[in-house]
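Reader: I've got a fold in front of me and I'd like to learn how to read it. Can we start with the core and work outwards?

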Amino acid sequence: VALANEGVPGVGTNLFAVGAPTGEDLAFSVTKGVVSGAREWQGKRYIQTDAALNPGNSGGPLFASDGKVVGIVSWKIAAPGFEGLAFGVPIQALAERLRLSWE
């Protein structure tokens, strides 16, 4: 798949997460959300989204509408009173952390 190298999409941009939210039985499930913000927490950058993400989505891609991967699903806040607070690592941040480069 193509990787986005334009940075984090703007707030309100559609995102699609692909994963296996309960394991093999629901593999390749797709959920849709929007970019809720570009956040920094403990010195790390994240894409905040309201896409319905579950543990089986972790490590899976966050696609933009054009089919490019803009991030990798990382974590979400799962606590009473919280909904739609999920986060992915932007592709550029991932590349920097892993010391990867591509042309």
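Author: Happy to. Keep in mind that this is a predicted model. The largest nonpolar core has twelve residues: Ala 4, Leu 15, Ala 17, Val 35, Ile 47, Ala 51, Leu 53, Leu 62, Ala 64, Val 70, Val 73 and Ala 86. At least two residues of this core come from each of β1 (14-19), β4 (61-64) and β5.

Reader: Which residues does Leu 15 touch, leaving out those up to four places away in sequence?

Author: Its contacts are Thr 31, Lys 32, Gly 33, Val 34, Val 35, Ile 47, Thr 49, Leu 62, Phe 63 and Val 70.

Reader: How do I read the two sides of a strand, then?

Author: Here's the general idea: in a regular strand, side chains alternate between the two faces of the sheet. Now try β1: Leu 15, Ala 17 and Gly 19 form its covered face, while Asn 14, Phe 16 and Val 18 form the uncovered one. Two of the covered residues, Leu 15 and Ala 17, also appear in the core list.

Reader: Which strands does β1 pair with, and how many bridges join them?

Author: On one side there's β2 (residues 29-41), running antiparallel to β1 and joined to it by six bridges. β4 is also antiparallel to β1, with three bridges between them. You can follow this residue by residue. Phe 16 sits opposite Lys 32 in β2, and its bridge partner in β4 is Phe 63. For Leu 15, the partner in β4 is Ala 64.

Reader: What do the strands add up to, and in what order do they come?

Author: A barrel: six strands close up in the order β1-β2-β3-β6-β5-β4, with antiparallel pairing. On average, neighbouring strands in this sheet are turned by 45° against each other, ignoring direction. Helix α1 packs on the sheet, where it touches β3, β5 and β6. The direction of α1 makes about 60° with that of β6.

Reader: And how should I read the helix? Which of its residues are buried?

Author: The rule of thumb is that an α-helix has 3.6 residues a turn, so residues three or four places apart point the same way. In α1 (residues 91-98), the buried residues are Ile 91, Ala 93 and Ala 95. They pack against β3 (44-49), β5 (69-76) and β6 (86-90). Just past the helix, look at the backbone of Arg 99, which takes a positive phi of about 55°.

Reader: Now the charged side chains. How many salt bridges are there?

Author: In general, side chains of opposite charge can pair when their charged atoms come close. With a cut-off of 4 Å from nitrogen to oxygen, the count here is two. One of them joins Arg 45 and Glu 96, at 2.5 Å from N to O. Arg 45 belongs to strand β3 and Glu 96 to helix α1, so this pair ties together parts 51 residues apart in sequence.

Reader: Are those two residues buried or exposed?

Author: Arg 45 is partly exposed, at 34% relative accessible area. Glu 96 is exposed, at 52%.

Reader: What about the salt bridge of Glu 6?

Author: The side chain of Glu 6 meets that of Lys 68, with 3.5 Å from N to O. This pair links distant parts of the chain, 62 residues apart: Glu 6 is in the segment before β1, and Lys 68 is in the loop between β4 and β5. Glu 6 counts as exposed because its relative accessibility is 53%, and exposed means over 50%. Lys 68, at 27%, counts as partly exposed.

Methods. Residues numbered from 1 in each chain as written. Predicted model: local features only at pLDDT ≥ 70, side-chain atom pairs only at ≥ 80, totals over all residues. Heavy atoms only, no water. Buried < 20%, exposed > 50% of the residue type's maximum accessible area, 1.4 Å probe, protein only. Helix = DSSP H or I, 4+ residues; strand = E, 2+ residues; numbered from the N terminus. Contact = heavy atoms within 4.5 Å. Core = buried A, V, L, I, M, F, W, Y, C linked by side-chain atoms within 4.5 Å. Pairing = 2+ DSSP bridges. Axes fitted to C-alpha atoms, helices over the stretch in contact; angles between N-to-C directions.
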